[in-house]
Amino acid sequence: MKNSKILFLTQAGLIAALYVVLTVLFSAFSFGEMQVRVSEMLTILPFFLPAAIPGLFAGCIIGNIIGGAVFADIVFGSLATLVGAVVTYLIRGHSMYLAPIGPIAANTLIVPFVLKYAYAVNLPIFFMMLTVGAGEVISCGVLGVCLGKVLRKPPTRSEERRVGKECRS
């Protein structure tokens, strides 16, 4: 029991650290009305690990603080990532291709309002929804699914045979 709690906290901490490193490393295009936050590709991880949920949330908070975000962005941007991570976890029993829907939707709906009201970006909300949404599609939908494919366990022998039969018919 104690070891599973330690493992959970360790996984969450490592995911948070990785999120922060990626956010800072790619900070040139991790913030603003036209952003592709590479670290958001990690929102695929709750599909595999429940510990990714608090890890992503903590990583987003820390990444936003280090990146110089205003308080509203730290709070609401991180909540968008948390909502997306929870939705990804809830989808885990379905196709991995559905996993990015939560993070894409949450960030597309929340972040433009943060940009408009916390940073006074003088662009229409709908336009920022398009730009933030496009960035999320790239980071979560493309990079995240690619990461998910790498992390997915290899098929068992029986699964290989079943897929082989399906391909031949």
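**Second largest pocket, overall fold and aromatic pairs**

The lining of the second largest pocket consists of eight nonpolar, 10 polar and five charged residues. The model is a predicted one. The space in this pocket comes to about 210 Å³. Its lining is made up of 23 residues, and those closest to the centre of the pocket are S30, F31, Q35, R37 and D73. Three helices each give two or more residues to this lining: α2 (52-66), α3 (71-90) and α4 (101-118). The most comes from α3, with four residues.

The protein chain has six helices and zero strands. Along the sequence the pattern is therefore α-α-α-α-α-α, as helices and strands are numbered from the N terminus. The chain holds 169 residues, and 40% of them are buried. Contacts were also sorted by separation along the sequence. Among those in the protein chain with a separation of 6 or more, 67% join residues 24 or more positions apart. The exposed surface of the protein chain amounts to about 9300 Å². Carbon and sulfur atoms supply 73% of that area.

Two aromatic pairs were found in a search of the whole structure. One of them joins F47 and F48 in an edge-to-face arrangement. The ring centres of F47 and F48 are 5.3 Å apart, with 75° between the planes. This pair counts as edge-to-face because the angle is over 60 degrees. F47 has a relative accessible area of 14%, so it is buried, the cut-off being under 20%. F48 is partly exposed, at 31% relative accessibility.

The F113 and Y117 pair is stacked. Here the centre-to-centre distance is 6.5 Å and the planes are 15° apart. The pair counts as stacked because its angle is under 30 degrees. Both residues belong to helix α4, where they sit four residues apart, about one turn of the helix. Helix α4 (101-118) is also one of the elements that give two or more residues to the lining of the second largest pocket. F113 has a relative accessible area of 37% and is partly exposed. Y117 reaches 63%, so it counts as exposed, the cut-off being over 50%.

Terms used. Residues numbered from 1 in each chain as written. Predicted model: local features only at pLDDT ≥ 70, side-chain atom pairs only at ≥ 80, totals over all residues. Heavy atoms only, no water. 1 Å grid on protein atoms, 1.4 Å probe; cavity = no way out; pocket = protein on both sides within 12 Å on 5 of 7 lines; lining within 4 Å. Points joined across faces, edges and corners; volume = space filled by probe spheres on them. Nonpolar A, V, L, I, M, F, W, Y, C, P; charged D, E, K, R; others polar. Buried < 20%, exposed > 50% of the residue type's maximum accessible area, 1.4 Å probe, protein only. Contact = heavy atoms within 4.5 Å. Areas by Shrake-Rupley, 256 points an atom, 1.4 Å probe, with all protein chains shown as cover. Phe/Tyr/Trp six-rings, centres within 6.5 Å; stacked < 30°, edge-to-face > 60°.
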